[in-house]
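Please open the model in your viewer and set the display to cartoon. The tour below proceeds by selection, one chain after the other.

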Amino acid sequence: MTRYSIFSLARNALAHRPNWARAWRSPDPRPAYDVVIVGGGGHGLATAYYLAKEHGVSNIAVLEKGWLGGGNTGRNTTVIRSNYLWDESAHLYEKALQLYEGLSQELNFNIMLSQRGVLNLVHNEHDLKEMSRRVRAIRLNGIDSEMLDRQAVKAEIPVINISPQVRYPILGASIQRRGGVARHDAVAWGFARAADARGVDIVQNCEVTGIDVANGRVRGLQTSRGAIAAKQVGLVAAGHSSVLAAMAGLRLPIDSHPLQALVSEPIKPVLDTVVMSNTVHVYLSQSDKGELVIGAGIDGYNSYAQRGSFQIIESQMGALLELFPSFSRLRMLRQWGGIVDVCPDASPIVGKTPVEGLYLNCGWGTGGFKATPGSGWAFAHTIAQDRPHALNAPFTLERFGTGALIDEHGAAAVAH
Amino acid sequence: MLLISCPWCGQRDESEFTCGGEAHIQRPPDPDALSDPEWADYLFMRTNPKGRHRERWCHTHGCGRWFNVERHTLTHDIISVYRMGEGPADDGDGDPS
């Protein structure tokens, strides 16, 4: 692997013909592996990377039915934060944020992490009390979080409308200054390149069509590129998790929904932070190219179509203009959808399954990108040790039977 | 955007409706007799298919009544609409339910 540095950049910039090596190989799948990860998004690639690096597993494949990071990894709005109310969530997302903070150096790949701060706006008295409580709970977990009053919000975001003469006036906000954005493609590519360098086979255009189970133990996979035997299999397929789990005879508490996002035409720098509002329900940031990146809630029906209905983005635009009337003449450049795997308690499932050797990492719903390295790190531990790490131990499939739910609906800093 | 035929009001825009999720989930007749995993299956587990899906919809901003829709989750095609308590029209797939 060519190490990226100022010297390799200069060498290739000055060369008559640049000689960049491919960032990762494109091998044919071998007939058998120790561990096969199904799903070549950020979470799957991170799992493979940490399995190889932290646990010394060398014989790993990542199978991806499309192209790397072409699912939700490349379709989210790139927001990273760890300001969760419940301890279980706070610890897991904070681990992810800490890994993100060192990830460009660790992977030798610039993920363009920009810790520009994430604001969660408050629009009524109830929000204000609830947000104050949440900020204190988050601080008790050692995570940075503070309250801003109305004028301080205006100072952070001069373009925002804080007039009291609107339907949902802004009364204040919480802010996590370590939160921000990162380039989502780079996260997938960085993990892919680093995993490949440690010998992981990344196989694209390889769709899993069946899971072989015998005597309660996983034996391997049927794929569009032939049968592959495996001692351990990790399913990290986001919106398609229910489809894959059904191949092993498992039912999941998951519904797959479209989540839409859109970007505006590029404009000069106007917003240097991330703004989220639960009450009017929109969140946005400005990309380095100058586009406003805008997201909101899911479509209400089940879908695998990676597109949604128009009235969802229409209401999203209404919410945007409530906060920023000056954006009213901006044109929207493009719009897309991803399929998110929503759990009843809006928390993920990361752990073992009733099938020996089969592990599940899914249910991240609308907020998986921010968890990518932490999810991979904890899931790699779960597969290598055949038991969950303390960080993901509460996030079992069994919690739906025991009742130990981690109810982030409403408790999370954004509606789902 | 979906165009949905309410059995009472006729064809209306999707924005008038609310999707209530998977249809035909029977409440267990004797909940006390169930184990925790069986109760969890009733309460939380869903088929979530990639393909034909039978689901409940409510005409929230219309007549306010619930009904069933059979819809394809990849194409979004609406295959049939039928009232509560009824089964879908025979779709010729050999599956009587």
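In this predicted model, begin by selecting β3 and β4 of chain B, the latter comprising residues 52-58: the two strands pair in the antiparallel sense over three bridges. To inspect one of the residue pairs, display E22(B), whose bridge partner in β4(B) is E55(B).

Next, extend the selection to the whole sheet of chain B. Four strands make up this open sheet, in the order β3-β4-β5-β6, and their pairing is antiparallel. At its edges stand β3(B), residues 18-22, and β6(B), residues 78-83, each of which pairs on one side only. From one strand to the next, the twist averages 30 degrees.

Now move to chain A and select its eight-stranded open sheet, where the pairing is mixed and the order is β5-β6-β4-β13-β14-β15-β12-β16. Which strands of chain A stand at the edges? They are β5 (146-149) and β16 (332-342); each has a single partner strand, so one side of each is left without a neighbour in the sheet. The twist in this sheet averages 25 degrees from one strand to the next.

Stay with the edge strand β5(A) and add β6(A), residues 172-176. These strands run antiparallel and are joined by four bridges. Within this pair, M147(A) stands opposite S174(A) of β6(A).

Finally, select helix α5 of chain A, residues 125-140. This helix lies across β4 (118-122), β5 and β6 of chain A. Relative to β5(A), helix α5(A) runs at about 150 degrees.

How values were computed. Residues are numbered from 1 along each chain as its sequence is written. Chains are lettered from A and ligands numbered from 1 in the order in which they are written. This is a predicted model: local features need pLDDT of at least 70, side-chain atom pairs count only at pLDDT 80 or more; totals for chains, interfaces and linings use all residues. Side-chain values use heavy atoms; hydrogens and water are left out. Two strands pair if DSSP finds at least two bridges between them. Axes are lines fitted to C-alpha atoms, for helices over the stretch in contact, and angles run from 0 to 180 degrees between N-to-C directions. Contact means heavy atoms within 4.5 Å.
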